[in-house]
Amino acid sequence: MNDFFIILTAVLVAINCALLGSFLLLRKMAMVGDAVSHAVLPGIVIAYYFAGDKSSVFILIGATIAGLAATLLIDFFSRRIKIQNDAAIGITYTLLFAVGMILIALLMQGNADIDQECVLYGDIALINFDKILIDDNLYIGPRAMYVELVASVIVVCSLVIGFKGFRLISFNEDFAKSVGIKTSRWHYFLMALVTLTTVVSFEVVGAILVVGFLVIPPATAFLITRKLVPMLVISALTGIFSVISGYFLAIWMNVSITGMMVVMAGVLFGFCFIIKQLKSHKTLVSQGFDQKLREI
Amino acid sequence: MIWQSAIDFFSFKDPNVVYVVAGIIFINSSAALVGTFAYLRKRSLLADAVSHALLPGICLGFLFAGEKNMPALITGAFITGWISIFLIDLIVRKSRIKQDAAIGIVISFFFAVGIVLLTYIQKNGNGNHAGLDHFLFGQAAAISKNDVILFALVFFIILFAVVLLFKNLVILSFNPDFAQSVGIPVRFIEFFLTSLTVLAIAIGIQALGVVLISALIITPAATARMWTHHLKKMIFIAIVISIFSGIAGSFVSYTRAQMPTGPWVVVILSLITFVSVVMAPKGLLRKFFIRKKNENKINDENILKTIFELKGFSEPEKNPIFSTLELTEKRMFDTKKLDAGLKRLIRRNFIQHKEDHFQLTTAGKKEAARIIKLHRLWEQYLLKRTRIDADHVHSGAEAIEHIITPEIEKELERELGIEGIPEEDY
């Protein structure tokens with residue numbers, strides 16, 4: 001039963017990340033997702049210190065503030081100071097992550113809930129310790145799973161309701177601007193959703209590996225299809241597949257579960273990439289052949 | 001207590017401190033050196049990818065050597081770092097995926113592989129793995145004498161290579177197309193430079209950790225760029241900033257045992273960046289002052305002009321007397337700005353304050369006339385040389401009168417054929 005809950009939680013993480021990651025990828029903002037996922041750390045630590053417990057809404061608020069602060073800081077560096085965009089991302093996320101690490105060292109001495117390693121790669125195997133019990137004995141699953149479930153509902157609903165807006169800013173932002181759509185509003189809406197997903201996935205998969213869930217499945221789908229809806233579906237499926245296969249492989253090899261999940265996602269991407277290369281090579285050859293035929 | 005540890009640290013009695021400081025100097029200089037070129041070639045985030053990709057290499061090096069053997073670890077790190085760059089390049093070239101997404105893919109994949117290997121070592125390996133997780137966050141205190149020798153070696157290799165190829169590197173950094181056209185082996189040098197970057201990052205992970213080492217590549221270069229346009233100066237500044245924050249960071253981590261070094265180095269480095277953002281030659285502070293000065297100049301000139309327009313034409317031989325009320329009636333001045341402007345003009349001796357009114361001095365009158373002349377010159381120029389209608393030339397002149405230099409004034413006069421207007425006829 002515990003296996004089932006862990007897999008279900010990870011599947012929810014994978015779906016959330018795959019859906020949002022697709023839009024990030026199309027907006028050429030994959031690295032901003034990376035930066036935000038590192039940058040929420042100080043917000044989480046400070047909120048945790050003051051609220052004193054992991055399930056609090058304060059954590060969500062603190063992390064969202066930190067995540068938005070990161071986006072603003074990147075904008076500030078690249079637009080006002082004219083630092084190259086990628087350098088601005090690098091400076092911002094290393095700074096905020098470093099602040100988070102220092103705060104952990106200062107405030108969280110000997111605290112089992114947040115330590116340095118779990119920040120990096122999470123520990124999905126531990127989520128079962130934090131259970132939700134009804135009437136003190138009816139076990140209905142780990143808390144993290146329900147948190148993820150709520151996040152999934154929010155993400156999916158937002159994407160369904162705002163689908164037109166998100167689609168527009170993903171493919172043709174200039175056009176969207178020209179017909180009077182407030183693109184920056186959609187942009188920050190998307191970033192808020194990304195932050196939310198990152199925060200709730202944080203304790204499950206950690207700061208760096210959440211990037212794997214955000215980027216790799218959408219990129220795999222992007223290799224396969226050019227249409228938005230199929231891309232969303234395929235990336236969610238890819239995410240789910242890598243989560244399940246990664247889980248069992250990790251158990252079998254007795255290694256980090258989340259690590260293995262991302263490795264599987266990467267392997268899947270590599271697989272699609274190679275097939276794509278072989279296929280395009282083939283089509284090139286056959287096209288050349290067709291041309292020869294026509295010339296004859 | 002903090003003073004005591006400061007004295008302990010900076011008197012270098014403890015040989016460990018010497019090793020740490022020496023190690024930091026070599027690591028940070030190497031990183032800043034290659035980072036400068038990485039920044040100029042707009043490849044900062046590649047450093048990010050490489051640093052994450054070092055983790056599996058370190059684990060593999062450990063598995064291979066069976067113990068924490070620095071050269072083995074760094075060789076492993078170097079190899080996987082290189083593979084990561086190759087993969088990013090491959091993905092970008094062979095598919096529609098853009099560079100940033102490719103970096104994201106490679107970063108997380110390699111890091112995940114590293115985590116898997118790390119947990120594998122921790123759960124299945126022998127007991128020697130203690131300290132391997134220092135590579136995640138950095139522990140400068142762990143630098144030993146042999147490490148320092150290794151770091152020094154790497155630093156001198158990088159320095160030697162950069163000095164040797166300096167000219168080519170400069171051309172490549174600023175104008176790769178030109179470099180290609182004059183027959184510089186661009187691909188080879190890029191390959192070489194990338195190798196140096198990977199090497200610099202590989203030796204840095206022990207002090208900074210995989211997550212934050214990219215800051216050592218990116219931040220000093222970006223900060224130094226704000227201070228200078230000169231490449232050699234930029235490299236120098238980057239190295240100085242980097243070494244300073246490296247030593248300061250390891251000092252903090254020396255005073256409190258549980259403090260990781262990497263985060264402190266990065267925070268201090270970023271503080272220097274923020275200070276530079278404000279103070280640098282093209283920074284916010286200077287921009288603010290320039291804008292303020294310009295605003296004041298325009299404001300003052302408008303005041304002078306308005307005074308002259310008020311009284312100057314009716315009684316040309318007298319110095320006009322006026323009140324603030326008259327000025328605001330003639331032109332919509334912001335009261336606060338008007339007062340400040342009048343004060344400045346008094347200081348510059350363009351107007352005098354009598355008990356209940358103001359009077360333009362002779363110098364002020366001349367200055368006002370000069371501005372009006374510029375205004376009219378421009379209006380004439382627009383009327384004669386462009387097809388702008390007479391109703392519209394005023395607004396253009398209103399903006400440009402404040403920035404016409406004496407040279408342009410002469411040029412305008414010559415162009416309009418009204419050379420040599422005697423000064424008293426203004």
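Mentor: A helix here is a DSSP run of H or I with at least four residues, and helices are numbered from the N terminus. Keep in mind that this is a predicted model.

Trainee: In which helix does Trp227(B) lie, and what makes that stretch a helix?

Mentor: Trp227(B) lies in helix 11 of chain B, residues 213-227. The run must have at least four residues, and residues 213-227 satisfy that, so the name holds.

Trainee: Why is the group with Trp227(B) called a nonpolar patch?

Mentor: The members are Trp227(B), Val275(B), Val278(B), Met279(B), Leu285(B), Phe288(B) and Phe289(B). A patch of this kind joins nonpolar side chains within 5 Å, from residues with over 30% relative accessible area, and Trp, Val, Met, Leu and Phe are on the list of accepted types, so the group is called nonpolar. Together the residues have about 660 Å² of accessible area. Helix 13 (261-279) and helix 14 (284-312) of chain B each give two or more residues to the patch.

Trainee: How do you know that Glu190(B) forms a salt bridge with Arg43(B)?

Mentor: The closest N and O atoms are 3.8 Å apart. The cut-off is 4 Å between a side-chain nitrogen of Lys or Arg and a carboxyl oxygen of Asp or Glu, so this pair qualifies. Glu190(B) is in helix 10 (residues 186-208) of chain B, while Arg43(B) is in the loop between helix 2 (15-40) and helix 3 (44-65), and the two are 147 residues apart. Over all chains, the search finds nine salt bridges.

Trainee: How many salt bridges does the rule find across the interface of chain A and chain B?

Mentor: Zero. There are, however, eight residue pairs in polar contact across that interface. The side of chain A that touches chain B divides into 38 nonpolar, 13 polar and six charged residues.

Trainee: What makes the two chains count as being in contact?

Mentor: Contact requires heavy atoms within 4.5 Å, and 57 residues from chain A and 57 residues from chain B take part, so the chains count as touching. Between them they bury about 4,900 Å², 76% of it on carbon and sulfur atoms. Met31(A), Gln84(A) and Ile102(A) supply 12% of the area that chain A buries against chain B, more than any other three residues.

Trainee: What is notable about phi of Lys28(A)?

Mentor: Phi of Lys28(A) is near 55°, a positive value in a residue other than glycine. Most residues other than glycine have a negative phi. Lys28(A) is in the loop between helix 1 (2-26) and helix 2 of chain A. Lys42(B) also has a phi near 55°, and its place is in the loop between helix 2 and helix 3 of chain B.

How values were computed: Residues are numbered from 1 along each chain as its sequence is written. Chains are lettered from A and ligands numbered from 1 in the order in which they are written. This is a predicted model: local features need pLDDT of at least 70, side-chain atom pairs count only at pLDDT 80 or more; totals for chains, interfaces and linings use all residues. Side-chain values use heavy atoms; hydrogens and water are left out. Buried area is the accessible area (1.4 Å probe) that two parts lose on being put together, summed over both. A polar contact is a pair of N or O atoms within 3.5 Å; within protein, one must be able to donate a hydrogen and the other to accept it, and residues adjacent in sequence count only if both atoms are side-chain atoms. Ala, Val, Leu, Ile, Met, Phe, Trp, Tyr, Cys and Pro count as nonpolar, Asp, Glu, Lys and Arg as charged, and the others, Gly among them, as polar. Patches are made of residues with over 30% relative accessible area and no salt bridge: like charges are joined within 9 Å, nonpolar side chains (Val, Leu, Ile, Met, Phe, Trp, Tyr) within 5 Å. Accessible areas come from the Shrake-Rupley method with a 1.4 Å probe; for residues, only the protein chains shown count as cover.
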